[in-house]
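Thanks for sharing this one with me. Below are my notes, set out as numbered points so that you can follow them with the model open.

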Amino acid sequence: MVMGSLLISSSWIRHLSKTATLCRRRLSTQVTRPIVLTPSTSELFNIETFREHAFKPQKPFLFGRNDGSPAALLPAASKWFEKRTADSSVNSTKFSPYMDKFQEWGFPYELVTPSAPNKEALLSFRSWLSSSEEPVDQLLASILEPSIEELETGSFFQLLAPLRLLIKALEFNQIQPEPVSLYIAQSSLTDLPEALQKDLPTPDVVQIAGKGDVYNSSIWLGTEPTYTPLHRDPNPNVFCQLCSKKVIRLMAPALGDRLYFQVQSRIRQQGNSRIRTVEMMEGKEREALYEAVWEHDPLPEGLYEADLGPGDALFIPNGWWHSVKSKGSRGHLNGSVNWWFR
């Protein structure tokens, strides 16, 4: 066949046709949605079933709140939180009066201000506390001062403060258009008052499915949006949702390794995937990890997703990569607890 002055053979045309077909097939198999994990059913779930189908083969397992979830059995879920309104479609969870007696207990906080509006919200929150007639609130404002002084050089801060700081942040967010973001993150259960520890007994599945060796456990309480970048844990993890909703995206170890190092190569950086470092929580690494897991089109291969509401729980196998964020973003209360075990 002659096309202008270019001679194209019939075999070359067949080659082009095959190549185009292959490209179409590749495009059609690109991942645009994650693989959704569905809850177990009460008829199928027991600890032996969990051990054989999830713990031993190291596969994710979603416990439905009405189908054997360990989260549904935790007293904290009903004792610590209550709804501001009876409308179940509105996320209006707040701390119950039961928590008032623990307001002065200290917790490790993460303070995240990745954007200008976030920084303005923090400044407004500090001013709001300073103007309070309560001396304890004025003291809270002074606790925030070191973080505010560093706003020009960073967007992620860690501080120790009483639970009252989170309670006041929730109150502030009810009356302000831009919420302040505070997160009690990875706070060890052993550091809680004894009464609160009793509200979070170690689930049977954690004590029985493996060796019964609980490596660590943590409480996560914060104002939405909450977010933890892609990382992996050295031990299996049972993650229980106490109030409001979170979504978790997961990847098997090999696929997660590849994605993580692709991100590190792209930003020309070497990170630590097993520790919540400052680099992971702010700047270009935070942005790149978020984009890769939550926004990239197409999505990474082998990406799973689990939606967790109050009473739901997720088993995250040893070494599986995961990123966690709240479904809400308007400054409401979100709470979770987890156990790492062997």
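1. A word on the source before the details: this is a predicted model. My comments begin with the charged pairs, then move to the sheets and to two buried residues in strands.

2. Let me start at Lys327, which is partly exposed with a relative accessible area of 48%. Its salt-bridge partner is Asp307, with the closest N and O atoms 3.4 Å apart. Asp307 sits in strand S14 (residues 304-308), while Lys327 belongs to the loop between strand S16 (321-326) and strand S17 (333-341), so the pair ties together parts that are 20 residues apart in sequence. Asp307 also counts as partly exposed, at 39% relative accessibility.

3. The whole structure holds 16 salt bridges. Some of them share partners, and in this way Asp137, Arg164, Lys168 and Glu171 are joined into one network.

4. Two further pairs deserve a look. Glu291 forms a salt bridge with Arg266, and here the closest N and O atoms are 4.0 Å apart. This pair links distant parts of the chain, with Glu291 in helix H11 (residues 283-295) and Arg266 in helix H9 (residues 253-266), 25 residues apart. Both ends are partly exposed: Glu291 has 26% relative accessibility and Arg266 has 48%. The other pair is Lys56 with Glu52, whose closest N and O atoms are 3.0 Å apart. Lys56 is exposed, at 54% relative accessible area, whereas Glu52 is partly exposed, at 38%.

5. Helix H11 comes up again for its geometry. At 1.5 Å a residue, its 13 residues should span 18 Å, and the 17 Å between its end C-alpha atoms agrees with that. Which residues of H11 are buried? They are Glu285, Arg286, Ala288, Leu289, Ala292, Val293 and Trp294. The helix lies across S11, S13, S14 and S16, and runs at about 80° to S11.

6. Those four strands bring us to an open sheet of five strands, ordered S3-S14-S13-S16-S11, with mixed pairing. Strand S3 (35-36) and strand S11 (227-232) are at the edges with a single partner strand each, so one side of each has no neighbour in the sheet. Inside this sheet, strand S13 (residues 246-251) and S16 run antiparallel and are joined by six bridges. If you want a register check, Val247 has Lys325 in S16 as its bridge partner.

7. There is also an open sheet of eight strands, in the order S4-S15-S12-S17-S10-S9-S7-S8, with antiparallel pairing. Its edge strands are strand S4 (61-63) and strand S8 (156-162), each of which pairs on one side only. On average, neighbouring strands of this sheet are turned by 20° against each other, direction ignored. Strand S12 (residues 237-243) pairs with S17 in the antiparallel sense over six bridges.

8. Asn338, in strand S17, is my pick for a closer look. Is this residue buried or exposed? Asn338 is buried, because its relative accessible area is 1%, under the 20% cut-off. Its bridge partner across the strands is Phe239. Where do the polar contacts of the Asn338 side chain go? One, of 2.8 Å, joins it to the side chain of Trp220, and another, of 3.1 Å, joins it to the side chain of Asn237. Beyond its neighbours within four places in sequence, Asn338 is in contact with Asn216, Ser217, Ser218, Trp220, Asn237, Val238 and Phe239. Its C-alpha atom is also 6.7 Å from that of Ile219, a residue 119 places away in sequence.

9. My last point concerns Phe61, found in strand S4, one of the edge strands of the eight-stranded sheet. Phe61 is buried, with a relative accessible area of 14%. Neighbours within four places in sequence aside, Phe61 is in contact with Ser40, Phe45, Phe50, Ala54, Ala313, Leu314 and Phe315. The C-alpha atoms of Phe61 and Thr38 are separated by 8.4 Å, with their positions 23 residues apart along the chain.

Note on methods
Residues numbered from 1 in each chain as written. Predicted model: local features only at pLDDT ≥ 70, side-chain atom pairs only at ≥ 80, totals over all residues. Heavy atoms only, no water. Salt bridge = Lys/Arg side-chain N within 4 Å of Asp/Glu carboxyl O. Buried < 20%, exposed > 50% of the residue type's maximum accessible area, 1.4 Å probe, protein only. Expected span 1.5 Å × (residues − 1). Pairing = 2+ DSSP bridges. Axes fitted to C-alpha atoms, helices over the stretch in contact; angles between N-to-C directions. Contact = heavy atoms within 4.5 Å. Polar contact = N/O pair within 3.5 Å; in protein donor to acceptor, adjacent residues only side chain to side chain.
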